[in-house]
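Here is a short briefing to read beside the model. Keep the structure open and follow the residues as they come up.

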Amino acid sequence: MPNIINEIKLDFKDVLLRPKRSTLRSRNDVNLHRHITFRNSKQTYNGIPVMASNMDTVGTFEMAKVLSKHDLFTCVHKYYTADEWKKFAEQNPDVLRNVAASSGMSENDFNRLAEIIKAVPGILFICLDVANGYSQHFVDFVRRVRAAFPSHTIIAGNVVTGEMVEELILSGADIIKVGIGPGSVCTTRMKTGVGYPQLSAVIECADAAHGLQGHIISDGGCTCPGDVAKAFGAGADFVMAGGMFAGHDQCEGEVIEKNGKKFKLFYGMSSSTAMQKHAGGVAEYRSSEGKTVEVAYKGDVQDTVLDVLGGLRSACTYTGAGKLKELPRRATFVRCTQQLNTIYS
C-alpha cells in the first residue's frame, strides 16, 4: 500500500523571509564570504558560495573567468577536453580555486576526469553529476572517485532526502547537490512524477549533512535574487543556478535575432537538444526530461552577478545577519499565498 506524507512541503514561492531588528548600518557591512573546511577532502574554501551550474550553455570557461573575479564559483561542464582545460589553466591560474571539473559516471567519464586532473593538478573540486543520485551504482562510483582522488573536494548529486545525503557523505562526498525537478528547463516532474519541493528539500538535507559535518548545494528553482536568499536561509551552504546565469555573453551559443529582439538558447542537460548534441539523440529506453527555450539576451553576466549579490546583502540586512553564515540562524519563513504583486509583470 502506498505511503502518503501529509506534512506540507514548501517551495521558494510559498514563503517570504520575515524581517527582524538589526544593528547593521548598511548593506556594505554584510560579509558574503564563507570559509569552509570539507569533511572528507580536508581542503578549505573561501569565497561567495554562489555557483553557475555545470550545464553546457552555462558552465563555461568564459563564465568561470567573470564569476571568479567576484569570488563566485563555476561547475564547469564535462565536455571540455584535457587539452582545453590545460590551455584554460595556463591562461587563468587564479580561477582554478573557483571551479570544479564535472563528470558523469560512465567509464569514459571517469577516464576523461582522470585525464583532466592529471593535466591540471591545480583543480581542487570534482562535480559528480547524475539526474538520479539514488542508484547504488552512483554510490559505488562516488567511492571509486574518492579512492582515486583522496584530497579532492567531491560534489555529488542530485538527491532530495536526508538519508541519501548521509549515504553519499559517508561514501566520500563532501558537498551534496540537492534538487530533483525544480530547474526552469527540467521536465523530470512532468515526465516522471518524481520530485520534492525545493525549500523543504534544502531544510531537510542541510540538517542531515550538517549532522555529519558535510555540506549541501541548493541546485535549481531560483528565479530571482530573493530565491537565492531563501535557499541560504533554509540552510544551503552553496546555491547553484542555471537559468539565472543563462542568456549572457559568457554562455555558449550564438545570439539569435527574431522580430527585433535578441535571444540565446538554453536547455536542460536531459533535453533532446543536449542528447542530440552529445549522444547522437535520445536513446529508445528513455524520454527527454528537459526542454529547450529561447532566453532573452542579457549581455555581460557581471550585471546579473551584482544584482544577485546586492539582493543577498539586502536580505541579510533585513534579517539582521552580519554574515551570510548567520542567515539560517536569523531566518524565519512566513508562509504566503502570493509573494509578488504581478499586475505590471
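Apart from neighbours within four places in sequence, D71 is in contact with H33, Y45, G47, I48, R97 and N98. The model is predicted. The points below start with D71, then turn to the helices, and end with a few single residues.

**D71 and its surroundings**

- D71 sits in the loop between helix 1 and strand 5 (73-76).
- Its relative accessibility is 17%. D71 therefore counts as buried, since the cut-off is under 20%.
- The side chain of D71 makes a polar contact with the side chain of R97, at 3.0 Å. R97 is also among the contacts listed for D71.
- D71 has a positive phi of about 70 degrees, although it is not a glycine.
- F263 is 192 residues from D71 in sequence. In space, the two C-alpha atoms are 28 Å apart.

**Helix 10**

- Helix 10 covers residues 301-319, which is 19 residues. From its first C-alpha to its last it reaches 27 Å, close to the 27 Å expected at 1.5 Å a residue.
- At the start of helix 10, a side-chain oxygen of D300 comes within 2.8 Å of the backbone nitrogen of Q302.
- Just after helix 10, G320 takes a positive phi of about 80 degrees.
- The buried residues of helix 10 are V301, T304, V305, V308, L309, L312, S314, A315, C316, T317 and T319.
- Several elements help to cover those buried residues. Strands 1 (15-17) and 4 (50-52) are among them. So are helix 1 (61-69), helix 8 (225-233) and helix 11 (327-330).

**Helix 1 against helix 10**

- Helix 1 and helix 10 pack at an angle of about 45 degrees, and their axes are 10 Å apart. Because of that angle, helix 1 is oblique to helix 10.
- The crossing of helix 1 past helix 10 is right-handed.
- On the helix 1 side, M63, V66 and L67 make the meeting. Their partners in helix 10 are V301, Q302 and V305. Of these partners, V301 and V305 are listed as buried.

**Helix 2 against helix 3**

- Helix 2 (residues 82-91) packs on helix 3 (residues 107-119) at about 30 degrees, with axes 9 Å apart. Helix 2 is therefore roughly parallel to helix 3, because angles under 35 degrees count that way.
- Helix 2 passes helix 3 in a right-handed crossing.
- A82, W85 and K86 of helix 2 make the contact with E115, I116 and A119 of helix 3.

**Helix 7 and its partner, helix 5**

- Helix 7 has 13 residues, so at 1.5 Å a residue it should span 18 Å. Its end C-alpha atoms are 18 Å apart, which agrees.
- Buried in helix 7 are Q198, L199, S200, A201, V202, C205, A206, A208 and A209.
- Helix 5 (residues 162-170) packs on helix 7 (residues 198-210) at about 35 degrees, with axes 8 Å apart.
- Helix 5 and helix 7 form a right-handed crossing.
- G162, V165, E166 and I169 of helix 5 meet C205, A208 and A209 of helix 7. These three helix 7 residues are listed as buried.

**H152**

- H152 lies in the loop between helix 4 (136-148) and strand 8 (153-159).
- With a relative accessible area of 11%, H152 is buried. This follows because buried means under 20%.
- Setting aside neighbours within four places in sequence, H152 is in contact with S41, I117, I123, L124, F125, I126, R146 and D174. One of these, R146, falls within the 136-148 range of helix 4. I117 falls within the 107-119 range of helix 3.

**Backbone points to check**

- The peptide bond from G157 to N158 is cis, with omega near 20 degrees. N158 lies in strand 8.
- Q213 is not a glycine, yet it has a positive phi of about 60 degrees.
- Q213 is found in the loop between helix 7 and strand 10 (215-219).
- Is Q213 buried or exposed? At 54% relative accessibility, Q213 counts as exposed, because the cut-off for exposed is over 50%.

Definitions and conventions
Residues are numbered from 1 along each chain as its sequence is written. Side-chain values use heavy atoms; hydrogens and water are left out. Helices (H or I, at least four residues) and strands (E, at least two) are DSSP runs, numbered from the N terminus. Buried means under 20% relative accessible area, exposed over 50%, partly exposed in between (1.4 Å probe, protein chains only). Contact means heavy atoms within 4.5 Å. The expected span of a helix is 1.5 Å times one less than its number of residues. A polar contact is a pair of N or O atoms within 3.5 Å; within protein, one must be able to donate a hydrogen and the other to accept it, and residues adjacent in sequence count only if both atoms are side-chain atoms. Axes are lines fitted to C-alpha atoms, for helices over the stretch in contact, and angles run from 0 to 180 degrees between N-to-C directions. Angles under 35 degrees count as roughly parallel, over 145 as roughly antiparallel, 65 to 115 as roughly perpendicular and the rest as oblique. A crossing is left-handed if the near helix is turned anticlockwise from the far one by less than a right angle, and right-handed if clockwise.
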